[in-house]
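Biologist: I'm new to this one and would love a guided tour. Could you show me the structure and help me read it?

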Amino acid sequence: MNQLTVRKDFPLINRLPLVYLDNAATAHKPQAMLDELQRFYADNYGTVHRGLYTLGENATSSYEQARATIAKFINASAEEIIFTKGTTEGINLVAAAWGVVHLKADDEIVLTQAEHHANLLPWQWVAQRTGAKLVLIPLDQKTFLLENPSSFISSRTKLVAVTMNSNVLGPIWQAGDLALLTRRAHEVGARVLLDAAQEVAHQPVDVQALGADFVVFSGHKLFGPTGSGILYATTAAQKMMEPYHRGGSMVYEAWFDRATWQEGPQKFEAGTPLIAEAIGLAASINYLNQAINWRAVHEHETALCRKLIEGLGRMPRVTIVGNPVILKAHGHLVSFVVQGIHAHDIASILSSKGIAVRAGHLCAQPLVRALGHESLVRVSVALYNTLEEIDTFLHELECTIVLFNQLVEQS
Ligand code: PMP
């Protein structure tokens, strides 16, 4: 994989004089995906699972082909792929369609302290509705890793819902711990949901190897369109789920006073689904399949992270929030604070210099607070970023810190 060749495939990234380092929030789009969306809307537009005419049949076939492409990408079968708007909707879907249906008072839902709000708030809601309790696997404050997560499983555990990779800290699992947690959860009859939002754009996700009941991710972080997302749910798990939304397409038979549902993913895709979004996501995946090599992506992103960590480590008053050793080996993002300068000020000044980074509580406010901060700066890379961009970022950050100090001294 040649970095600069790949970069040319992303028109906005290639065109803008901008150092884009907010890929953990959302990633830019390859031309191949834009072309596919154009083809769908301009040449082949129709709705799915209804029209007995060519455009409708073509749309159905493209939509179902997209399902098959995405299934293959994560080593699932097409019937296990439910299209959603994104990770947030996927988790809310499981919370509403499975959580409130099956959980009861004193059941336990095991999460980590490192969850994004998307994998915390839906479970708070389920707990409030059912009387179930949240159990939080703590993070070691020195290593930023989860300590002995399997010890939090008990006979009361009914669901384990955990992130594979934190959007604040990067990797938080010690080798083998996630597999052990999944095994232990299944031994006590609990279901397992994995939030793969920060995983899929950086390494292959193999749902068979993971063995979870549910895996969720967002298409827009995987170079696909906004409004595209995947909920992988095993057939056994789907059979335990109520419909999430009710309406057209998901019905098998309806009467004035009752209805029965389709089996399989259609049961969870009521109404006119996210057709272009699904087709666009499959186009991005097809692009990745032919243009990149995951081992090269891993090596490239960790080289970017190493440079970031070494550069940040040399700057006085900068503290990396995360485990530098782990991030150098497996990272795609680095969060940090600068003593005496608010994260938002850093992000705004960097923006004025053409550098996009994220600042704030990163939709993980309880975690950031538990780590003793209010706000962090986060730099996150993708396969199209370059070492030169990291140099530019480090240089501009250093200038920002100097500038800020001068302003404070003058005031
Ligand atoms: N989980 C994690 C770990 C995330 O990083 C994000 C996005 N920042 C989400 C969930 C939510 O994703 P979306 O906003 O695409 O639904």
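Modeller: Gladly! This is a predicted model. A good start is to count the regular elements: the protein chain has 15 helices and 15 strands.

Biologist: How do I judge the overall form? What radius of gyration would a compact globule with 411 residues have, and what does the chain have?

Modeller: The idea is to compare the chain with an expected value. A compact globule of 411 residues would come near 22 Å, and the protein chain has 22 Å, so the two agree. Along the principal axes, its C-alpha atoms fill a box of roughly 75 × 55 × 40 Å.

Biologist: And how many of the residues are buried?

Modeller: Here a residue is buried when its relative accessible area is under 20%. By that cut-off, 55% of the 411 residues count as buried. The accessible surface of the chain is about 17400 Å², and carbon and sulfur atoms account for 52% of that.

Biologist: What about contacts between residues apart in sequence?

Modeller: Take the contacts between residues at least 6 apart in sequence: 71% of them join residues at least 24 apart.

Biologist: Can we look at one pair of helices? At what angle do α3 and α10 pack?

Modeller: Helix α3 (residues 31–43) and helix α10 (residues 275–291) pack at about 145 degrees, and their axes are 8 Å apart. The crossing is right-handed.

Biologist: Which residues meet there?

Modeller: From α3 they include Met-33, Leu-37 and Phe-40, and from α10 they include Ile-279, Ala-283 and Tyr-287. By class, this contact has 10 nonpolar, 2 polar and 1 charged residues.

Terms used. Residues numbered from 1 in each chain as written. Predicted model: local features only at pLDDT ≥ 70, side-chain atom pairs only at ≥ 80, totals over all residues. Heavy atoms only, no water. Axes fitted to C-alpha atoms, helices over the stretch in contact; angles between N-to-C directions. Helix = DSSP H or I, 4+ residues; strand = E, 2+ residues; numbered from the N terminus. Left-handed = near helix turned anticlockwise from the far one by under 90°. Contact = heavy atoms within 4.5 Å. Nonpolar A, V, L, I, M, F, W, Y, C, P; charged D, E, K, R; others polar. Rg over C-alpha atoms; globule rule 2.2 N^0.38 Å. Buried < 20%, exposed > 50% of the residue type's maximum accessible area, 1.4 Å probe, protein only. Areas by Shrake-Rupley, 256 points an atom, 1.4 Å probe, with all protein chains shown as cover.
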